[in-house]
Amino acid sequence: MNAEQPVVPRIWVFVEQQERQVHPVSWELLGAAKRLSADLPGSVVEAVLPGHQIADLAPQAFHYGASRVYVIDSPVLEIYRNLPYAVAVSQLVMQYRPEIFLIGATTLGRDLAGSIATRVGTGLTADCTELAIDPAQHILAATRPTFGGNLMATILCRRHRPQMATVRPRVLPMPDPMPDATGEVINVPFDMREEDVPVKRLRLIRAEEQPNIEYADVLVAGGRGVGGPEGFALLEELANALGGMVAASRPVVDAGWMDASRQVGQTGKTVRPKLYIAAGISGAVQHRVGMSGADVILAINTDPNAPIFQIATLGIVGDLYDVIPALIRQVKGQAQDGHAHL
Amino acid sequence: MHAVVAIKQVPDTSNVRIDPETGTLIREGVPAIVNPYDLHAVEAAVQLKERVGGGQVTVITMGPPKAAEALIECIEQGADRAILISDRKFGGADTLATSYVLARAIETINAELPVDIILFGKQAIDGDTAQVGPGVATRLNIPLITYAIAIEEFDLEARTAIVHRRVEQGIEVLQTSLPVLLTVEKEIAPVRHAPLPRLIAAARYQPEVWSATAPVVFDPQQIGLKGSPTVVGKAFTPEQRSGGEVISVADLGLNAVVARALAVIEQAHVRNLQPETGVVS
C-alpha cells in the first residue's frame, strides 16, 4: 500500500514456463508492455522468470523486449504450485515495487495472480482485452469484458501498486523477436524448503491430445446446429483439408459432444485464427468475444437471423450438411490442382 | 467434517446497467440465479459429507438481502446452515475487499466449528475473475487448489486429501494437507434434484444475516468501495466488428455459394490451399 512513486516506473511481465516451455502469452504481454512503456515516461520493461534450472530461457525474454530478467531459481519451483510461486513472486514485488505487473490469464496465471495481488494488497483486473496508459493520470487503463461480454469496463487502480492485470492468450498480437537484443539478469535468491510446501504433485495424467486451438491458423467450429457428436467428423474433414483444427461452442461442450479444451468463448478460449468457419453456431455474445479477433469469419447457419451473421465476413444461410461437403470437395480439388501444376 | 461453501448470486448476464455515479453495477430488476459453478461446489460438499458419514455443510454469501434466495436454494441442495453477509457498507467491493470479508467470516465460522474444506465455484459468470477463491486461501494461509474436478481421497484422521485438477497438459493429481480451499469445475459433482423433504425444510429455512458490525466487526477500511483498490473508470457496450454480406443457398444455389465461400477462404491466405508448393526437401 505504498503511495509514493518509485524512481523508475517498472513494467513487469510474468514469464510462464512449464517443463522449460515458455507459454507464448508471456511474449504477447512483453509486446504490450513495450507499447505501454512508450506512453509512460522513463519506464522500463522487465520480466520475472521463476522455475528450476531455467536461467537459459532469459535471453528469449530479451528478444521480446525485456531489458532485465529476474530469475528465481529453486527446486521448490520445479513444477508450478501456488504457494512457493506466490511467495517468491510477491517477495520480489515488495522489493522492487513495480508500477505495472502483467500475467497471462492461463490456468497457471489465474491461479497465481489473485494470490499475489492479495499478498501484496493491490488491485487486479482479470482477462483484459485492451491495455493503455491513461494520458491524464499516467496510470494503467485496463479494459475487460464483463457480464458475459455484454459490457466492457475500463478498470483503474489509482493508489495501489503494482497495477496488476491478466490477459488471455491470443488477445494481444505476438511481437516480432529481436534476436540481437540483450539485457541484464538478476538472480533472485529464494530459500523456501520442500517441507514448507503443503501441496505435493503425486502425478500428472497427460491428456492424450492437447488441441491448442488458441494458436491454430484455421478453425472449423461447430455449434448446436451440428446436431450431434457424429457431425463433427465432417468438420474434422474440412479442418484437415484446410490444415486447421476443430473447435466448438459452449452448448456442444456442455452436451459432451466435444472436449472442453476445444471450447471458444467467454468460458472457453480466445482465438484469433486467419480463418474461422462457424458451422451451426448462432453466435451469442459469449461466443463472439472469444473469436471476433479472427481475420476472416465464414458463418453457415440455417437461421437467417443468427447473430453470427452480424460479424461474419461472409454469411451463408443454408444447411451445413449441404455446404460443408461441397466445400470439402472444392478445397480438396484445389489442392489436387495445386499439385498438378507443380 | 465441516465444509464451507462460498457462493454468489449472479444476475442473468443480459440486460445489465452501470450506476453512472459510482461506476458500480446495478443489480435491481435483473433476474438472479445461483452462480452455476457454485451449485456444483455445494453438491461436492454434500457428497463429501455423505462419504465420510456425516458432518456439516455451511454456505455463505456476501450480497444484497435478495441473495437469501440463493442460500435457500443451497439448503434445498443439502446444505445445513446458511449465512448471508449483507450490509450497504459492503457495496462496491472488488475482489480484494470481497476476499477480506469472506476470509474473516470463515475465520469466525472456524472458531465455532473447525473447517476441513472450503469450496468455491471456479469463477462467477458475471465478473468471470476467478480471483476471490485464491484471495481467500491466501488470506487464510491454507493450500489452494483451483479447477478441481475430483476429490479422490479425503482423510480426516491423517488430515490430508488427494485432489484432481484440470490443467493445460492434462490432469494433475495433488496431495494436500487439510484444511484446503478448492475452486471447482462442474465435473466435481453433478447437481442432483433435491428430494421433497429437503424442499419442505428449505422453504421454512431462514438464513442468518451478518452485518458489517455484528457478529463480526469487519475493518471499515477493508470493505466496500473503500477497501477496493480498483474502480470502474468507464463502462460501455462493446464495439462490434462489422459483418459482410449474407447470402443464401436457397437464392443462389449451392455451387455459387460454395464458390463465394472459397473466395473468402483464399482471402484469409490459408497456406494449405496451395499445398507444399514452397517446400523443398
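A:Pro162 sits in the loop that links β10 (151-157) and β11 (163-167) of chain A. The peptide bond leading into this proline from A:Arg161 is cis, with omega near -5°. The model described here is predicted, and the values below are computed from it.

Chain B also has a cis peptide bond, from B:Leu178 to B:Pro179, with omega near -5°. B:Pro179 belongs to the loop between β11 (170-177) and β12 of chain B.

**Residues with positive phi**

Three residues with a positive phi are listed here.

| Residue | Phi | Place |
|---|---|---|
| A:Arg170 | near 75° | loop between β11 and β12 (184-188) of chain A |
| B:Asp128 | near 60° | loop between β8 and α4 of chain B |
| B:Asn141 | near 55° | follows α4(B) |

Is A:Arg170 buried or exposed? A:Arg170 counts as buried because 21 C-beta neighbours lie inside 10 Å, and the cut-off for a buried residue is 20 or more. B:Asp128 counts as buried too, because 22 C-beta neighbours lie inside 10 Å.

**Chain A as a whole**

Chain A contains eight helices and 18 strands. The chain has 342 residues, and a compact globule of that length would have a radius of gyration near 20 Å; the value for chain A is 22 Å, which agrees. Along the principal axes, the C-alpha atoms of chain A fill a box of roughly 65 × 45 × 45 Å. Of its 342 residues, 55% count as buried. Where contacts in chain A join residues at least 6 apart in sequence, 65% of them join residues at least 24 apart.

Two domains are assigned in chain A: domain 1 covers 10-196 and domain 2 covers 213-340. The C-alpha centres of these two domains of chain A are 33 Å apart. Nine residues from domain 1 of chain A and ten residues from domain 2 of chain A take part in the contact between them. On the domain 1 side of this contact in chain A, four residues are nonpolar, three are polar and two are charged.

One residue of chain A can be placed against another for scale. A:Lys332 is part of helix α8 (residues 320-340) of chain A. A:Lys332 is partly exposed, because 14 other C-beta atoms lie within 10 Å. From A:Lys332 to A:Ala66 the separation is 266 residues in sequence and 45 Å in space, taken C-alpha to C-alpha.

**Where the chains meet**

How many residues does each chain bring to the contact between chain A and chain B? Chain B brings 71 residues and chain A brings 78 residues. On the side of chain B that touches chain A, at least two residues each come from α3, α4, β9, β10 (160-167), β11, β14 (230-236), β15 (245-248) and α7 (254-267) of chain B. Which element of chain B gives the most to this side? It is α7(B), with nine residues. By type, the residues of the side of chain B that touches chain A are 33 nonpolar, 27 polar and eleven charged.

Strands also pair across the two chains. Strand β13 (residues 199-206) of chain A and β11(B) run antiparallel and are joined by seven bridges. One of the paired residues is A:Leu204, whose bridge partner in β11(B) is B:Glu172.

**Helix α4 of chain B**

Helix α4 of chain B spans residues 132-140 and is mostly covered, with eight of its nine residues buried. The buried residues of α4(B) are B:Val132, B:Gly133, B:Pro134, B:Gly135, B:Val136, B:Ala137, B:Thr138 and B:Leu140.

What covers the buried residues of α4(B)? Both chains contribute: the cover includes α3 (82-96) and α4 (107-120) of chain A, as well as α3 (95-112), β8 (117-121), β9 (144-155) and β12 (180-184) of chain B. α4(B) also supplies at least two residues to the side of chain B that touches chain A.

The positions on either side of this helix appear in the table above. B:Asp128 is in the loop between β8 and α4 of chain B, and B:Asn141 follows α4(B).

Note on methods: Residues are numbered from 1 along each chain as its sequence is written. Chains are lettered from A and ligands numbered from 1 in the order in which they are written. This is a predicted model: local features need pLDDT of at least 70, side-chain atom pairs count only at pLDDT 80 or more; totals for chains, interfaces and linings use all residues. A residue is buried if 20 or more other C-beta atoms lie within 10 Å of its own, exposed if 12 or fewer, and partly exposed in between; C-beta atoms are placed from the backbone. Helices (H or I, at least four residues) and strands (E, at least two) are DSSP runs, numbered from the N terminus. Two residues are in contact if their C-beta atoms, placed from the backbone, lie within 7 Å. Domain bounds come from an automatic or database domain assignment. Ala, Val, Leu, Ile, Met, Phe, Trp, Tyr, Cys and Pro count as nonpolar, Asp, Glu, Lys and Arg as charged, and the others, Gly among them, as polar. Two strands pair if DSSP finds at least two bridges between them. The radius of gyration is taken over C-alpha atoms; the globule rule is 2.2 Å times the number of residues to the power 0.38.
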